[in-house]
Amino acid sequence: MYLGGLLLLFTVFPPLLGLGLGKIMKMQSGKMVINIYVQNPKFSASAICFPPWHLHLLRRFSLWSMKKDPDLEASLTRNRRWIVNNQIKNIILQCPDQVASVSFLQKKFKNLDLQGKALNWIKKYPCCFEIHLENDEYHCRLTKKMLCLVEEEESVKDMQETVFVERLAKVLMMVSNHRLSVSKLNELKRYLGLPDDYLIRIIPKHLDMFRVVNYSGRKSSMEIELTAWKPDLAVSTIERIAQKQGCKPSFPCSLPPSWVKSWERFREFDSYPYISPYVDPRGLEEGSRELEKRTIGLVHEFLSLTLWKKASIIKLGHFRREFCLPEKLNVLLLKHPGIFYVSNKYQIYTVLLREGYRGSELLVKDPLVVVKEKFGELMQEGLHEYNRRHHMLNLEKQRKKGMIAMKQGKKDPVNDEDGTEDDDLGGIFDPEERKRFYKVLFEDKAP
């Protein structure tokens with residue numbers, strides 16, 4: 001990442017290549033800044049002349065990166081394998097008889113952002129996936145333990161239907177025109193925990209709140225529209241906590257006491273009146289403190305509705321028009337490190353709600369998250385079993401190699417009819433003969 005930034009800098013400033021430059025990287029206010037200095041004594045800083053826009057770019061050249069939080073980074077690492085295996089599980093469930101060929105899964109690996117062979121990946125999780133050979137081709141199905149977890153997940157989704165309805169309604173209430181296209185809503189269904197068949201399972205049962213519309217007439221323009229505004233749902237998490245505590249709505253801050261300047265900026269920001277994300281933002285002036293307060297409140301409320309209290313910043317950017325978000329959302333979120341944590345783990349910018357975590361664990365776990373964590377435990381159990389088997393096989397191979405070496409060492413040389421040895425080449429290849437050769441070669445007086 002840093003190397004790419006330096007290459008960009010030298011591309012923009014070709015004269016820098018001949019000046020013998022050094023660099024100092026340091027953290028300033030939650031961002032990585034690269035200071036450039038001249039090492040070549042033939043040149044001075046005043047001798048380097050750039051246009052004004054170049055100087056501005058030099059001042060602003062930085063690599064945005066929030067100070068790493070090991071616990072929150074660990075939570076992202078733990079979820080990575082779970083996300084991939086959950087997608088493989090969904091692919092298998094959609095196949096006929098819930099059996100998928102490994103070659104078919106291999107084609108899907110690019111969409112899962114994976115490299116290597118699908119067969120090797122699946123073999124790492126024997127508790128989750130079963131592999132069998134049929135017609136000279138490997139096929140994969142879910143194990144009995146996995147199928148039990150799938151049934152448990154479906155039963156939880158049935159019990160959580162009311163919660164899903166409220167989440168969907170609250171998201172549509174935050175949208176400026178109170179409707180979202182189905183294609184865009186599909187990007188959010190994993191975050192909100194909505195079932196894959198929510199259009200069939202949820203919408204027809206709640207026509208008093210939702211309806212499917214298509215104003216353009218194109219098949220790809222189908223939208224879900226909110227038909228009834230619920231005042232009791234138009235209360236954000238911040239407002240609900242304030243009502244319980246009997247105080248004014250205020251954002252929580254999870255900063256260390258040593259971050260004095262960040263605390264000062266947070267107190268200044270929090271001193272402005274809280275603006276609900278359910279308020280129409282079209283009357284707010286662009287670039288104003290009020291609009292920033294409403295945007296931070298909207299992202300906070302959306303993350304509060306998600307299962308894992310996190311979301312991809314890129315996917316949030318897809319809803320810039322619907323949620324009235326700024327163009328540079330990541331820059332705005334990085335200004336509030338006490339409320340959000342921004343990570344670029346796996347080169348994917350993700351924003352997490354700090355108050356939703358205690359260490360690397362979720363503070364409050366949705367029932368659907370509990371089931372999904374059981375899947376993660378089963379996955380880890382299978383990975384542990386795979387590693388144990390692999391370790392035992394390696395030990396067996398090493399043991400066999402050791403026995404073969406011992407047998408070869410004890411084996412007597414076999415001479416042919418001419419008296420020459422097949423296994424012993426003799427001469428300079430014999431260790432003792434080699435010692436005598438070097439002794440004669442390097443001693444002053446030969447014997």
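Strands here are DSSP runs of E, at least two residues long, numbered from the N terminus. S312 is found in one such run, strand β10 (residues 310-312). The model is predicted. The chain holds 17 helices and 14 strands. Of its 447 residues, 41% count as buried.

**Chain overview**

- The accessible surface of the chain comes to about 27,200 Å². Carbon and sulfur atoms account for 55% of that surface.
- Take the contacts between residues at least 6 apart in sequence: 62% of them join residues at least 24 apart.
- The count of salt bridges comes to 27.

**S312 in strand β10**

- S312 has a relative accessibility of 11%. The cut-off for buried is under 20%, so S312 counts as buried.
- Leaving aside residues up to four places away in sequence, S312 touches Y191, I348, Y349 and T350.

**Salt bridge E130–R141**

- E130 and R141 form a salt bridge, and their closest N and O atoms are 3.9 Å apart. The cut-off is within 4 Å.
- The pair links distant parts of the chain, 11 residues apart. E130 sits in strand β5 (residues 129-134). R141 sits in strand β6 (residues 137-142).
- Both ends are partly exposed: E130 has a relative accessible area of 34%, and R141 has 31%.

**Salt bridge R201–E154 and its network**

- R201 and E154 meet through their side chains in a salt bridge, at 2.9 Å from N to O.
- R201 lies in helix α9 (residues 198-201) and E154 in helix α6 (residues 144-159), so this pair ties together parts 47 residues apart in sequence.
- R201 is buried, at 15% relative accessible area. E154 is partly exposed, at 31%.
- R201 and E154 also belong to a network of salt bridges. Its other members are K89, E153, K157, D158, D197 and K372.

**Salt bridge E385–R389**

- The side chains of E385 and R389 meet in a salt bridge, at 2.4 Å from N to O.
- Both residues lie in helix α16 (residues 367-410). They are four residues apart, so about one helical turn separates them.
- An α-helix has 3.6 residues a turn, so residues three or four places apart point the same way.
- R389 is partly exposed, with a relative accessible area of 46%.

**Helix α7**

- Helix α7 covers residues 161-174, which makes 14 residues.
- At 1.5 Å a residue, helix α7 should span 20 Å. Its end C-alpha atoms are 20 Å apart, which agrees.
- Helix α7 is mostly covered, with 11 of its 14 residues buried.
- Charged residues are among the buried ones in helix α7, including E161, R167 and K170. F164, V165, L168, A169, V171, L172, M173 and M174 are buried in α7 too.

**Nonpolar surface patch**

- Which residues make the nonpolar surface patch of about 340 Å²? L199, I200, V212 and M222 do.
- I200 lies in helix α9, the helix that also holds R201.
- I200 has 68% relative accessibility. The cut-off for exposed is over 50%, so I200 counts as exposed.
- Helix α9 therefore holds both an exposed residue, I200, and a buried one, R201.

Note on methods: Residues are numbered from 1 along each chain as its sequence is written. This is a predicted model: local features need pLDDT of at least 70, side-chain atom pairs count only at pLDDT 80 or more; totals for chains, interfaces and linings use all residues. Side-chain values use heavy atoms; hydrogens and water are left out. Buried means under 20% relative accessible area, exposed over 50%, partly exposed in between (1.4 Å probe, protein chains only). The expected span of a helix is 1.5 Å times one less than its number of residues. Patches are made of residues with over 30% relative accessible area and no salt bridge: like charges are joined within 9 Å, nonpolar side chains (Val, Leu, Ile, Met, Phe, Trp, Tyr) within 5 Å. Accessible areas come from the Shrake-Rupley method with a 1.4 Å probe; for residues, only the protein chains shown count as cover. Contact means heavy atoms within 4.5 Å.
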